[in-house]
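Reader: Please take a close look at the strands of this model and at what surrounds them. I would like one connected account rather than a list.

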Amino acid sequence: MAKSGADEKILSYNDVILRRSDLDILKGPNYLNDRIIEFYFSYLSSLFPSDDIFLVPPSIAFWIKECPDPESLKDFMEPLHLSRRKLILLPINDNSDVCMAEGGSHWSLLAFDRNSNVFVHHDSSSGCMNEYHAKQVYKVTLPYTSSNATYKECPNTPKQVNGYDCGVYVLAIARVICQWYASSGTQDADTLWFSHLEQVTPSAVSVMRNDILGLIKGLMAAPKTVA
């Protein structure tokens, strides 16, 4: 018997499974969950295919921050090959409870650019709510990048105008950074992608939420290939 309701599987995209409830999250004024973040990161990875770029799934970013055992973390981190990545994007969540699946109430984005040797934190809240969590991820990740990169808060990060669009801002900024890197990233080490952030406006974020919903529906409607 087919599964129905919020837990019904509606799309399998790469390694990401989306459910009916994820569509409802995108339709309304709701905080994005891990699955939607992971889906769009996977989609960006398909748009910008390169071993130089690594868009880290939320579950991995969370474990980097909260793993209590350094040896277990080492075994976990080494297969990610962070030392050879040129651009790493990590979604930061303020959940600190490893027993609470999809906890937390705020998303932000930590970006590492090897060419400029810096981790940049983008927080769309007015008070940089996730600064502590971003610094934790920076400190843990840094040794695995084989760099001495510094950490900085981006003062020009576009700010959300409501209490629920932080996740969409993360996705919008991640897209801007990937586009920047693909077009001119290796030449813009001094200015980075900051000037391109002006395109991330509240209206653009609202449109993006609908665009992601349309993307998912389009993929759902696409003919299934038979092996």
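Author: What follows starts at one strand, moves to its neighbours, and then turns to the aromatic pairs, the pocket and some backbone details. The model is predicted.

Strand S6 covers residues 118-122, and five of its five residues are buried, so S6 is largely enclosed by the rest of the structure. Both of its faces are covered. Val118, Val120 and His122 lie on one side, while Phe119 and His121 lie on the other, and all of these are buried.

S6 pairs with strands S5 and S7. With S5 the sense is antiparallel, and five bridges join the two. One position in that pairing is Leu110, whose bridge partner in S6 is His121. The hairpin of S5 and S6 has four residues between the strands, and in this hairpin Asn117 takes a positive phi near 60 degrees. With S7 the sense is parallel, and four bridges join S6 to S7. Here Phe119 stands opposite Tyr151 in S7.

Phe119 and Tyr151 also appear in the aromatic contacts. Together with Phe112 and Tyr138 they form one aromatic cluster. Phe112 falls within S5, which spans residues 107-113, and Tyr138 falls within helix H5, which spans 131-141.

S5 also holds Trp107, which belongs to another aromatic contact. Counting ring centres within 6.5 Å as a pair, the model has nine aromatic pairs. In one of them, the ring centres of Tyr13 and Phe39 are 5.3 Å apart and the planes stand at 70 degrees, so the pair is edge-to-face. Tyr13 lies in strand S1 (residues 9-13) and Phe39 in helix H2 (residues 34-47), so this pair ties together parts that are 26 residues apart in sequence. Both partners are buried: Tyr13 has a relative accessible area of 13%, and Phe39 has one of 0%. The pair of Tyr31 and Trp107 is stacked, with 6.3 Å from centre to centre and 20 degrees between the planes. Tyr31 sits in the loop between helix H1 (20-27) and H2, and Trp107 sits in S5, so to speak of this pair is to speak of a link between distant parts of the chain, 76 residues apart. Trp107 is buried at a relative accessible area of 2%, whereas Tyr31 counts as partly exposed at 23%.S1, the strand of Tyr13, has its own pairing. S1 and S2 pair in the antiparallel sense over four bridges, and Leu11 stands opposite Leu18 in S2. Along S2 (residues 16-19) the side chains alternate. Val16 and Leu18 point to one face and are buried, while Ile17 and Arg19 point to the other and are not. The hairpin of S1 and S2 has two residues between the strands, and Asn14 in this hairpin takes a positive phi near 55 degrees.

H2, the helix of Phe39, also takes part in the largest pocket. About 280 Å³ of space lies in this pocket, and 16 residues line it. Nearest its centre lie Phe41, Ser42, Ser45, Leu55 and Pro57. H2 gives the most to the lining, with four residues, and both H2 and strand S3 (53-55) supply at least two. By class the lining has nine nonpolar, four polar and three charged residues. Phe54, a residue within the span of S3, has Arg85 over the face of its ring, at 4.7 Å from the ring centre.

Some backbone details remain. Most residues other than glycine have a negative phi. Ser146 is not a glycine, yet its phi is positive, at about 55 degrees. Ser146 is found in the loop between helix H5 and strand S7 (150-153), and it is exposed, with a relative accessible area of 57%. Leu192 likewise has a positive phi, near 55 degrees. Leu192 is found in the loop between helix H6 (166-184) and helix H7 (202-221), and it counts as buried at 5% relative accessibility.

Helix H6 also holds Val176, which is buried with a relative accessible area of 4%. The C-alpha atoms of Val176 and Trp193 are separated by 7.5 Å, although the two residues are 17 apart along the chain.

Key
Residues are numbered from 1 along each chain as its sequence is written. This is a predicted model: local features need pLDDT of at least 70, side-chain atom pairs count only at pLDDT 80 or more; totals for chains, interfaces and linings use all residues. Side-chain values use heavy atoms; hydrogens and water are left out. Rings of Phe, Tyr and Trp (its six-membered ring) pair if their centres lie within 6.5 Å; planes under 30 degrees apart count as stacked, over 60 as edge-to-face and the rest as tilted. Buried means under 20% relative accessible area, exposed over 50%, partly exposed in between (1.4 Å probe, protein chains only). A charge sits over a ring if NZ of Lys or CZ of Arg is within 6 Å of the ring centre and within 35 degrees of the ring normal. On a 1 Å grid over the protein atoms alone, a cavity is a set of points where a 1.4 Å probe fits but cannot get out, and a pocket is an open set with protein on both sides within 12 Å along at least five of seven lines; lining residues have an atom within 4 Å of a point. Grid points are joined across faces, edges and corners, and a volume is the space filled by probe spheres set on the points. Ala, Val, Leu, Ile, Met, Phe, Trp, Tyr, Cys and Pro count as nonpolar, Asp, Glu, Lys and Arg as charged, and the others, Gly among them, as polar. Two strands pair if DSSP finds at least two bridges between them.
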